[in-house]
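Welcome! Here are a few exercises to work through with the model open beside you. Try each task before reading its solution.

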Amino acid sequence: MLASSAVIRRQQFLIRTLGGYTDQTHLKRMQQTKAMSGTAFEADSENILRAITPNLDPSKHKGQAGKIAVIGGCREYTGAPYFAAISALKIGADLSHVFCTKDAAAVIKSYSPELIVHPILEESYSIRDEDKPSISSKVLAEVNKWMERFDCLVVGPGLGRDPFLLDGLFLVTDSLDLVSGYPLAVLTPNVNEYKRLVEKVLNCKVDDHDAHEQLLSLAKGIGSITILRKGKSDLISDGETVKSVSIYGSPRRCGGQGDILSGSVAVFLSWARQRLSAAEGDLPISKINPTVLGCIAGSALMRKAASLAFQNKKRSTLTSDIIECLGKSLEDICPAI
Ligand SMILES: NC(=O)C1=CN([C@@H]2O[C@H](COP(=O)(O)OP(=O)(O)OC[C@H]3O[C@@H](n4cnc5c(N)ncnc54)[C@H](OP(=O)(O)O)[C@@H]3O)[C@@H](O)[C@H]2O)[C@@H](O)CC1
Ligand SMILES: Nc1ncnc2c1ncn2[C@@H]1O[C@H](COP(=O)(O)OP(=O)(O)OP(=O)(O)O)[C@@H](O)[C@H]1O
Ligand SMILES: [Mg+2]
């Protein structure tokens, strides 16, 4: 039964790829998706960015353009949560919070007064084993108090691998039930993180000749989540469709670009959900999963900004230079006024 459904899925995938699928609902969905795309897989990211980016409307109040929280930042890694949180603000979110360890908080605050920084996480070196359960409940109670106020959470940038904290994707790979079945969950694995996920979930090696179908199976295998596989082209799948974003970015691979991406995806995902819920199904993007829209928009903007930063800075391009180009890159596609 399982094997035969896998074969049918594979056949349907191939037929869809060749454009010959006959199921009417699916056909309609593919046509709508395809209308937003240059090819079957390459997303029409500029139109998606235009469709989901909200107007700067004077009647709106603070918070309506997005409240984002980043959970990450420890003694070693203070840059990663900063990059994610400041990128969210530079793109257009109204408020950006960081929940990090006590050691990281003062450092992150000193990078920017724009961020709201909560020094509430603890690292295991600073606490005794017998105190861990009580500290853990205290931390969770404090985090819980805030969680429902946010439109999107970014879990992981700079959490490291302290067993008491645990890196977001490292933790998820070990405990997939944390995200399984949650349709708003998005994972953004890099090359190493993707390899670990494929080995754990699909029990095989990464196969780049069958990249689209493998990604589709992985998203399905984990259960109703969306995966953005970072690389030369970014590949995005929610287990139903696969889209790619191949806009030329930058040949510089300095650390922190994945953190910009995570903050960007958080904002665009929130905007896509807001846009779809307000539009009552009459938009060309209505049938596309908002998580997929958020990933496409976040990936495209990150790559455009990286390309612009590289034009200016060449070999000395750093993550902060890319962040400085986020605003202009979005402005070129969706002018503010
Ligand atoms: N400026 C900043 O603050 C930035 C901070 N950053 C933060 O850094 C963290 C790691 O992210 P990354 O992207 O370097 O991990 P990745 O490519 O999977 O691994 C590369 C190699 O290193 C190893 N390894 C990794 N982490 C390890 C650990 N804690 N302890 C031991 N080994 C570890 C890994 O080994 P493996 O897993 O293969 O065994 C692989 O060989 C993450 O929290 C990220 O948010 C970045 O966002 C960049 C900007
Ligand atoms: N070979 C490449 N060519 C062009 N863009 C790339 C390439 N590899 C990654 N990118 C882009 O860089 C961004 C970050 O991807 P990367 O794989 O470096 O993530 P990461 O390792 O998690 O980064 P971080 O250092 O923030 O942890 C993504 O948006 C991706 O599109
Ligand atoms: Mg990363």
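## Exercise 1: The surroundings of ligand 2

Around ligand 2 there are 14 residues, of which Asn190, Lys230, Asp234, Gly256 and Gly258 come nearest. This is a predicted model, so keep that in mind as you go.

**Task.** Find polar contacts of ligand 2, then describe the shell around ligand 2 by class and by element.

**Solution.**

1. Begin with Lys230: an N or O atom of its side chain is 2.6 Å from an oxygen atom of ligand 2.
2. Move to Gly256, where a backbone N or O atom lies 2.7 Å from an oxygen atom of ligand 2.
3. Look next at Arg253, which has a polar side-chain atom 3.3 Å from a nitrogen atom of ligand 2. A pair of N or O atoms counts as a polar contact within 3.5 Å, and the pair at Arg253 lies 3.3 Å apart.
4. Now the cover: on its own, ligand 2 has 630 Å² of accessible area, and the protein covers 77% of it.
5. Two elements give two or more residues to this shell, helix H10 (257-279) and helix H11 (290-313). H10 gives the most, with four residues.
6. Sorted by class, the shell around ligand 2 has six charged, six polar and two nonpolar residues.

## Exercise 2: The surroundings of ligand 1

**Task.** Repeat the steps for ligand 1, which has 16 residues around it.

**Solution.**

1. The nearest residues to ligand 1 are Gly158, Arg161, Asp167, Arg196 and Asp259.
2. At Gly158, a polar backbone atom is 2.8 Å from an oxygen atom of ligand 1.
3. Arg161 has a polar side-chain atom 2.8 Å from an oxygen atom of ligand 1. For Asn190, a polar side-chain atom lies 3.2 Å from an oxygen atom of ligand 1.
4. Alone, ligand 1 exposes 870 Å², and the protein buries 55% of that.
5. Helix H4 (79-91) and helix H8 (191-201) each give two or more residues to the shell around ligand 1. H4 has the largest share, three residues.

## Exercise 3: A sheet and a helix

**Task.** Which strands are at the edges of the open sheet, and which helix lies across the sheet's strands?

**Solution.**

1. Trace the order of the four strands, E5-E6-E7-E8, with mixed pairing.
2. Strand E5 (186-187) and strand E8 (242-245) are the edges, since each pairs on one side only.
3. Follow strand E7 (residues 234-237), which pairs with E8 in the antiparallel sense over four bridges. Asp234 has Val245 in E8 as its bridge partner.
4. Finally, helix H9 (residues 211-222) lies across E5, strand E6 (226-229), E7 and E8, at about 45 degrees to E7.

Notes: Residues are numbered from 1 along each chain as its sequence is written. Chains are lettered from A and ligands numbered from 1 in the order in which they are written. This is a predicted model: local features need pLDDT of at least 70, side-chain atom pairs count only at pLDDT 80 or more; totals for chains, interfaces and linings use all residues. Side-chain values use heavy atoms; hydrogens and water are left out. A residue is near a molecule or strand if one of its heavy atoms lies within 4 Å of it. A polar contact is a pair of N or O atoms within 3.5 Å; within protein, one must be able to donate a hydrogen and the other to accept it, and residues adjacent in sequence count only if both atoms are side-chain atoms. Accessible areas come from the Shrake-Rupley method with a 1.4 Å probe; for residues, only the protein chains shown count as cover. Ala, Val, Leu, Ile, Met, Phe, Trp, Tyr, Cys and Pro count as nonpolar, Asp, Glu, Lys and Arg as charged, and the others, Gly among them, as polar. Two strands pair if DSSP finds at least two bridges between them. Contact means heavy atoms within 4.5 Å. Axes are lines fitted to C-alpha atoms, for helices over the stretch in contact, and angles run from 0 to 180 degrees between N-to-C directions.
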